[in-house]
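Reader: I would like to learn how to read a few features of a fold. Can we start with a turn and work outward?

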Amino acid sequence: MTKTPTPRVLTALSMLLAGAGLAAAAWAADPAPKDTTATNPLGGKPAAAAPQAASGQPRQISWEELVPKDWDPAKAFKGLDLSTLDDGDPRANELLMKMQEVSNNAPTNPALNGVEVKIPGFIVPLEEAKGEVTEFLLVPYFGACIHTPPPPANQILHVIPQKGAKFRAMDTVWVTGKLQTLRNDSMMGVSGYQVKASSVTKYSGGAK
């Protein structure tokens, strides 16, 4: 009889692999659709490549650009047969811990360090004051860090807005500011990037 793999291991594995292969986000819907997934971060049709930013303007980037092209998080798990594990197998927890370590130490893209960027995503609040979010994580798909395991560190941005923003958890926003390859550990997940945001605005589809 074939054993059933532990759901936690399967979930962590699927999220880890999805994080590495996140496509260039899809920004056709307005507002962001409800049925977002790890492989279809913002729903809608795949977006065309963003135009080159005008001089002095922030560069609109996709989540895919945050992942180094040569990074393969699945490399350490190739040939693994999850069907040989079940909920009570200690190897399942060992595997989960190994996956989380790979995810938390996901490499960043050094070419983006210090670049003024504009990127859409979902808010995971970290700090709030007077009804405004003063610090948050930006993630590429609905539920990340809250309803599902955190994405890899190179798919989480630690955002510090210039001023508090009136948004709630999982609201969809555009974040603009200088991107830095700076790691931060929080209760909600490990981020590989930080943005000191000059603006946080409601996502309304497209580069508006």
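Author: Start with the hairpin of S2 and S3 in this predicted model. The hairpin has 2 residues between the strands, and Lys 130 takes a positive phi near 55 degrees there.

Reader: What should I make of the phi of Lys 130, about 55 degrees?

Author: Take the general idea. Most residues other than glycine have a negative phi. Now the case here. Lys 130 is not a glycine, yet its phi is positive. Lys 130 sits in the loop between S2 and S3.

Reader: Is Lys 130 buried or exposed?

Author: Lys 130 counts as exposed, because its relative accessibility is 85% and the cut-off for exposed is over 50%.

Reader: Which residue that is not a glycine has a positive phi of about 75 degrees?

Author: Cys 145. Cys 145 belongs to the loop between S3 and S4. Cys 145 is buried, at a relative accessible area of 10%.

Reader: Back to the strands. How do S2 and S3 run, and how many bridges join them?

Author: S2 and S3 run antiparallel, with 7 bridges. One bridge partner to look up is Leu 137 in S3, which faces Val 124.

Reader: Which way do S2 and S5 run?

Author: Antiparallel, again with 7 bridges. Here Ile 119 has Val 175 in S5 as its bridge partner. S1 is joined to S2 by 2 bridges, and these strands run parallel. There, Gln 60 stands opposite Lys 118 in S2.

Reader: Where does the side chain of Lys 118 lie relative to Trp 174?

Author: Lys 118 lies over the face of Trp 174, 4.9 Å from the ring centre.

Reader: How do I read a pair of aromatic rings?

Author: Use two quantities: the distance of the centres and the angle of the planes. The count in this model is 2 aromatic pairs. One of them is Phe 122 with Phe 142, at 6.0 Å centre to centre and 85 degrees between the planes, which makes it edge-to-face.

Reader: Why does the pair of Phe 122 and Phe 142 tie together separate parts?

Author: Phe 122 lies in strand S2 (residues 116-129), and Phe 142 lies in the loop between S3 and strand S4 (157-161), so the pair links parts 20 residues apart in sequence. Their exposure can be read too. Phe 122 is buried at 2% relative accessibility. Phe 142 is partly exposed, with a relative accessible area of 39%.

Reader: What surrounds Val 139?

Author: Place the residue, then list its contacts. Val 139 is in strand S3 (residues 132-139). Val 139 is buried, with a relative accessible area of 0%. Leaving out residues up to four places away in sequence, Val 139 touches Trp 63, Gly 121, Phe 122, Val 124, Ala 144, Cys 145, Gln 155, Ile 156 and Met 170. Several names return from our earlier steps: Phe 122, Val 124 and Cys 145 are among these contacts.

Reader: How far is Val 139 from Thr 172, in sequence and in space?

Author: They are 33 residues apart in sequence, and 9.6 Å apart C-alpha to C-alpha.

Reader: Now zoom out. What are the elements of the protein, and in which order do they run?

Author: The protein has 2 helices and 8 strands. From the N terminus on, the order is α-β-α-β-β-β-β-β-β-β.

Reader: What do the totals for contacts and burial say?

Author: Among contacts with a separation of 6 or more, 69% join residues 24 or more positions apart. Of the 208 residues, 44% count as buried. The protein exposes about 10,900 Å², and carbon and sulfur atoms supply 53% of that area.

Definitions and conventions: Residues numbered from 1 in each chain as written. Predicted model: local features only at pLDDT ≥ 70, side-chain atom pairs only at ≥ 80, totals over all residues. Heavy atoms only, no water. Helix = DSSP H or I, 4+ residues; strand = E, 2+ residues; numbered from the N terminus. Buried < 20%, exposed > 50% of the residue type's maximum accessible area, 1.4 Å probe, protein only. Contact = heavy atoms within 4.5 Å. Phe/Tyr/Trp six-rings, centres within 6.5 Å; stacked < 30°, edge-to-face > 60°. Lys NZ or Arg CZ within 6 Å of the ring centre and 35° of its normal. Areas by Shrake-Rupley, 256 points an atom, 1.4 Å probe, with all protein chains shown as cover. Pairing = 2+ DSSP bridges.
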